[in-house]
Amino acid sequence: EAYDYDELSTDVAYMLNRKHLTYPVFFETGALTRFDAAWSTMCAEACLCLAKITGCNSQDESSDLIKEGLKCLEVSAKTLKKEDGKICNGMAHSYYFQILSELENLS
């Protein structure tokens with residue numbers, strides 16, 4: 001049985017239409033210092049959760065959410081590595097890798 005809630009369609013629409021929104025750079029780095037997670041990784045996790053919820057009802061929507069989550073993780077990958085290729089935050093990278101693995105398994 002699919003899990004559903006009243007604002008599901010609003011949340012899905014928000015995550016799929018984020019490209020029209022611009023977030024200040026400090027969202028990405030501020031989240032990294034405060035939560036040990038890049039903002040883009042948290043957005044990818046939101047896409048992952050919504051993809052799991054919508055998967056039973058709409059394959060297209062679920063697929064779009066997975067693609068959006070993977071796009072978010074491209075930003076995370078850049079945020080989490082220094083210019084010399086070293087990882088700047090081990091906890092955040094571990095979280096990033098977990099979300100990446102789950103999204104890839106769904107796709």
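Thr-54 lies in helix 3 of this predicted model, and because its relative accessibility is 2%, below the 20% limit, the residue counts as buried. The side chain of Thr-54 comes to 3.5 Å from the backbone oxygen of Ala-51, and Ala-51 is itself listed among the buried residues of helix 3. Once the neighbours within four places in sequence are set aside, Thr-54 is in contact with Leu-8, Val-12, Glu-61, Ser-62 and Leu-65.

The helix that holds Thr-54 runs over residues 39-54 and has 16 residues, and it reaches 23 Å from its first C-alpha to its last, which is close to the 22 Å expected at 1.5 Å a residue. Its buried residues include, besides Thr-54, Ser-40, Thr-41, Cys-43, Ala-44, Cys-47 and Leu-48. The buried residues of helix 3 pack against helix 1 (8-16), helix 2 (25-35), helix 4 (59-80) and helix 5 (90-106).

A second residue worth following is Arg-18, which is placed in the loop between helix 1 and helix 2 and which is also buried, because its relative accessible area of 11% falls under 20%. Leaving aside the neighbours within four places in sequence, Arg-18 is in contact with Tyr-23, Trp-39, Cys-43, Glu-68 and Cys-72. One of these partners, Cys-43, stands 25 residues from Arg-18 in sequence, while the C-alpha atoms of Arg-18 and Cys-43 are 9.8 Å apart in space. Cys-43 also belongs to the buried residues of helix 3.

The two residues described so far are set side by side below.

| Residue | Place | Relative accessible area |
|---|---|---|
| Thr-54 | helix 3 | 2% |
| Arg-18 | loop between helix 1 and helix 2 | 11% |

Turning to the protein as a whole, its secondary structure comes to five helices and zero strands, and from the N terminus on the elements run α-α-α-α-α. The radius of gyration is 14 Å, close to the 13 Å that the globule rule gives for 107 residues, so the protein is as compact as a globular protein of that length. Taken along the principal axes, the C-alpha atoms fill a box of roughly 45 × 30 × 20 Å.

Buried residues make up 35% of the 107 residues, and the accessible surface comes to about 6,900 Å², of which 54% belongs to carbon and sulfur atoms. Among contacts between residues at least 6 apart in sequence, 66% join residues at least 24 apart.

Definitions and conventions
Residues numbered from 1 in each chain as written. Predicted model: local features only at pLDDT ≥ 70, side-chain atom pairs only at ≥ 80, totals over all residues. Heavy atoms only, no water. Helix = DSSP H or I, 4+ residues; strand = E, 2+ residues; numbered from the N terminus. Expected span 1.5 Å × (residues − 1). Buried < 20%, exposed > 50% of the residue type's maximum accessible area, 1.4 Å probe, protein only. Contact = heavy atoms within 4.5 Å. Polar contact = N/O pair within 3.5 Å; in protein donor to acceptor, adjacent residues only side chain to side chain. Rg over C-alpha atoms; globule rule 2.2 N^0.38 Å. Areas by Shrake-Rupley, 256 points an atom, 1.4 Å probe, with all protein chains shown as cover.
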